[in-house]
Each structure stands twice: as C-alpha cells, then as structure tokens.
Amino acid sequence: MQEIVKQHINKIVQISHEEFEEIETFFYKEHYKKGSYLVEAGKLATYEFYITKGLVASSFLNEYGKNSILHFAAENQWISDIESFNTGAQTRINIKCLEDTEVYRISYQDKEKLCAVSKKMEYFFRKKSNDTCIMLQNRIMIFMYTNSKDRYDKFMALHPSIFLRVPKLLLASFLGVTERTLSVI
C-alpha cells in the first residue's frame, strides 16, 4: 500500500512497519475511470473505499426521477453506502467517479477480520465512523437552519478544492438549489 495510506492511518493510531505490512493484506488497490461506479443502486455495497486520487459523488434517485447528491469524497476520504455495506441490504444510492479515481477497498468480511486482529485498526475505524456521523449531522443541521447562500458559503469554506472540481449541476443538487439559483449566489 502507498505511504499515503500509512500516513492517513497514523494520524489516528501509530502503527509500526510490521503492523502496516499485515494491515495492507486486507486492502486492494483499484483504478476507476471517470463515469465508472464504485456502488450502483439495486446492488450490494460490498466495499468501503479510501480514495487516494480522484473525486466521487454519492447520489440518490427518488421515485419522481429527481437525482440528489448526498456527498462528495476526494483524496484522503472514505466512502460507501453505509447501510448496505454494514447490513447486506441492497443499496439505494450510486457512487460515481467524477474523475479518474484510485482507491484502496476493503470488504466487510476483511474489515471485521482486521478489527479482530488489530485493536488499533478497530479504534481507527471507530474514529472514522464517528467522523462520518458528525459530518452527516452537521449536513442535516445546515439544511434545516440555513438558506441557500449560507449553505454555499459553508461548502466553499469547508471544501474549497472540491468546489473547483465539481460540475455546477451537481453542486446545485448537493446544496438543494437549482442551477439557476446557484448562478445568482
């Protein structure tokens, strides 16, 4: 595995070279072309993905045909359909590559095995899960208590590098506004 993955893990837990050699046997490196899907609605989300290069978006298509962007993930971020990955239920979301993307993926079974043999990695994944819960809670509160301009400003402040890489239509969907409203902001 790349040094970048080891550095990412070491931000939360300190692992030795030997520990890392064992950890890396649970992950698989993959490359996806722009437009490819990491996860497709109606299937199972059998992996969690750590992005080392590229940009992806998770989206949900409702019964009226409206596609809503749930989340963007870029370098040094994790993404999956949390529900499907952890329960084995069919996924209701798509995760699509907006750029050529490189990931390290881990299956549910391998993650469980890794956490059973490494308390450090169990702690690492718990911290990453907590971070995701906090991010989702903040996203809900922003939608409940802010207007579109404030949501836009918050996104710009938190994700300036992603803003420049995301098509305006997808950004508008993420912010819950039309493309026309976004152009006025």
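1. Lys119 is exposed, at 60% relative accessibility, where exposed means over 50% relative accessible area, buried under 20% and partly exposed in between, computed with a 1.4 Å probe on protein chains only. Its side chain meets that of Glu122 in a salt bridge with an N to O distance of 3.4 Å, a salt bridge being a side-chain nitrogen of Lys or Arg within 4 Å of a carboxyl oxygen of Asp or Glu. Glu122, for its part, is partly exposed at 37%. Because the two residues are three apart in helix α5, Glu122 and Lys119 are separated by about one helical turn; helices here are DSSP runs of H or I with at least four residues, strands are runs of E with at least two, and both are numbered from the N terminus.

2. This is a predicted model, in which local features need pLDDT of at least 70 and side-chain atom pairs count only at pLDDT 80 or more, while totals for chains, interfaces and linings use all residues. Residues are numbered from 1 along each chain as its sequence is written, and side-chain values use heavy atoms, with hydrogens and water left out.

3. On confidence, the mean pLDDT of the protein is 93, and 99% of its residues reach 70 or more, pLDDT being the predictor's confidence in each residue, from 0 to 100. Confidence is lowest in helix α7 (residues 160-163), with a mean of 84, and highest in strand β2 (residues 37-39), at 98.

4. A second salt bridge in helix α5 joins Lys128 and Asp131, whose closest N and O atoms are 3.9 Å apart. These partners, too, are three residues apart in the helix and so separated by about one helical turn. Lys128 is buried, with a relative accessible area of 19%, whereas Asp131 is partly exposed, at 37%.

5. In helix α6, the side chains of Lys149 and Asp153 form a salt bridge at 2.9 Å, N to O. The two residues lie four apart in that helix, about one turn, and both ends of the pair are partly exposed, Lys149 at 40% and Asp153 at 33%. Elsewhere, Glu75, Glu99 and Arg165 are joined into one network by salt bridges that share partners. The search of the whole structure finds 11 salt bridges. As general background, side chains of opposite charge can pair when their charged atoms come close.

6. The largest pocket has a volume of about 1500 Å³. The elements giving two or more residues to its lining are β4 (56-61), β5 (67-73), β6 (77-79), α3 (82-87), α5 (119-145), α6 (148-158) and α8 (168-175). The lining comprises 45 residues, of which His71, Ile82, Thr132, Met135 and Leu136 lie nearest the centre of the pocket. On a 1 Å grid over the protein atoms alone, a pocket is an open set of points where a 1.4 Å probe fits, with protein on both sides within 12 Å along at least five of seven lines, and lining residues have an atom within 4 Å of a point. Grid points are joined across faces, edges and corners, and the volume is the space filled by probe spheres set on the points.

7. Helix α5 gives the most to the lining of the largest pocket, with 14 residues. By residue class, the lining divides into 20 nonpolar, 13 polar and 12 charged residues, with Ala, Val, Leu, Ile, Met, Phe, Trp, Tyr, Cys and Pro counted as nonpolar, Asp, Glu, Lys and Arg as charged, and the others, Gly among them, as polar.

8. Ser84, in helix α3, is buried at 2% relative accessibility. A polar atom of the Ser84 side chain lies 2.6 Å from the backbone oxygen of Ala89.

9. Asn76 deserves a look for its backbone: its phi is near 70°, a positive value in a residue other than glycine. Most residues other than glycine have a negative phi. Asn76 lies in the loop between β5 and β6 and is partly exposed, at 33% relative accessibility.

10. Two separations may help with orientation. Gln14, in the loop between α1 (3-10) and α2 (17-23), is exposed at 56%, and its C-alpha atom is separated by 15 Å from that of Cys115, 101 residues apart along the chain. Leu169, in helix α8, is exposed at 53%; Leu169 and Glu83 are 86 residues apart in sequence and 26 Å apart in space, C-alpha to C-alpha.

Terms used
A polar contact is a pair of N or O atoms within 3.5 Å; within protein, one must be able to donate a hydrogen and the other to accept it, and residues adjacent in sequence count only if both atoms are side-chain atoms.
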